[in-house]
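Biologist: I'd like to learn how to read cysteines and charged pairs in a model. Could you walk me through it?

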Amino acid sequence: FARMFVQVCLYFYCKCLWRCLKFVVRKLTGQCELQRICYNTKPGAARTMKIEASLKGSKSKRLQTSVNVHPDAIEKTIDDIMELKRINPDINPQLGVSLQACLLQIVGYRNLIAEVEKLRREPYDSENPQHEEMLLKLWKCLKPNSPLKARISKQWCEIGFQGDDPKTDFRGMGLLGLFNLVYFAERDTEIAQQVLTDSLHPKYREVTKKELSQLSKAEWEKKKFDKAIGYSFAIVGINITDLAYNLLVSGALKTHFYNVAPEAPTLTHFQQTFCYLMHEFHKFWIDEDPLDIMEFNRVREKFYKRILRQLQNPEMALCPHFAASESLINM
């Protein structure tokens, strides 16, 4: 109880002290916190995340709710902020442009979560011709020279599904898993086909002295010949979709999206990030050199923590080549 009391007192003390400090700095500089952030922080995640924290931490309800407005209301919201902060837009024209870019990213990130969540919650329906068309497109992109003999077929195992009907494998991520796999196979076809080929390629593991000391000869004979580099392509794709989804809803991907999306991040940005994660996980899996698929969860967790560490850097962009607009620099 005493520790909780001290923490509560410290919280209110720091909060009051921070507000007093902001008041003093504004009087000394003649600029509010939003102005100081926009003028002193370069565009991208560093600026947008500071603006977001400033608005959410404001004592004004109008500023707090500005991060939740509809995209069409952003211009009106900027006018309200300028009026509330008593900032003359004619004297500070660049401030409005910078705030608008930041709010577009903040609101866009929230809307992206909603769009991704909607896809995740929609189950695969084999009676839906659009769903079936996407599934068949996945096969054609990955196996263009091997026609699918039947819709229900053991051939699906060749691209990493668990049974003869892939619809049962999409339960965890719904349509989102299929959307991501098709995007990867269609847009990064060469890389996707190479990853698939690698995942099916037999390999031989050399015995090290350390491994020999930990395994009996019989155990080693069972493990030294892996059926493949180690995983089923489609199942791992659905699993990496889950990883990307968790990064998104936790807010970890804000760093990346605020650095690569000049305005609102879109589903395409999310799918491009998925492609990057698939490619990077494949390389990470090979570098980890696990004995078999039973080590998948360990390798996945290690990979997840590595991505999280990278995203703690406010200048991090996981796949910067997707930032197609140079206008971000001038905002």
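Modeller: We'll take the cysteines to start with, then the salt bridges, and keep in mind that this is a predicted model.

Biologist: Fine. How many disulfides does a search of the whole structure find?

Modeller: The general idea is that a disulfide is a covalent bond between the sulfur atoms of two cysteines. Here, the search of the whole structure turns up 0 disulfides.

Biologist: Why is there no bond for the sulfur of Cys319?

Modeller: Look at the distance. The cut-off for a disulfide is 2.5 Å between the sulfurs. The cysteine sulfur closest to that of Cys319 belongs to Cys275, and at 8.5 Å it is too far for a bond.

Biologist: And is Cys319 buried or exposed?

Modeller: Buried, because anything under 20% relative accessible area gets that label, and Cys319 has 1%. Cys141 is buried as well, at 15%.

Biologist: On to the charges. How many salt bridges does the structure hold?

Modeller: It holds 16. To read one, check which side chains meet, then where each partner sits in the chain, then how accessible each one is. Try Arg121 and Glu117: their side chains meet in a salt bridge with an N to O distance of 2.6 Å.

Biologist: Where do Arg121 and Glu117 lie?

Modeller: Both are in helix H6, which spans residues 93–121, and they are 4 residues apart, about one turn of the helix. Now add accessibility: Arg121 is exposed, with a relative accessible area of 62%, whereas Glu117 is buried at 16%.

Biologist: Which parts of the chain does the pair of Glu132 and Arg151 link?

Modeller: The side chains of Glu132 and Arg151 meet at 2.7 Å, N to O, in a salt bridge. This pair links distant parts of the chain, 19 residues apart: Glu132 is in helix H7 (residues 129–142), while Arg151 is in the loop between H7 and helix H8 (174–187). Glu132 is buried, with a relative accessible area of 15%, and Arg151 counts as partly exposed at 21%.

Biologist: What about groups of charges: which residues are linked in a network of salt bridges?

Modeller: Glu288, Glu295, Arg298 and Lys302 form such a network. One of the contacts to look at is Arg298 with Glu295, a salt bridge of 2.8 Å, N to O.

Biologist: How accessible are Arg298 and Glu295?

Modeller: Arg298 is partly exposed, at 39% relative accessibility. Glu295 is partly exposed too, with a relative accessible area of 21%.

Note on methods
Residues numbered from 1 in each chain as written. Predicted model: local features only at pLDDT ≥ 70, side-chain atom pairs only at ≥ 80, totals over all residues. Heavy atoms only, no water. Buried < 20%, exposed > 50% of the residue type's maximum accessible area, 1.4 Å probe, protein only. Salt bridge = Lys/Arg side-chain N within 4 Å of Asp/Glu carboxyl O. Helix = DSSP H or I, 4+ residues; strand = E, 2+ residues; numbered from the N terminus.
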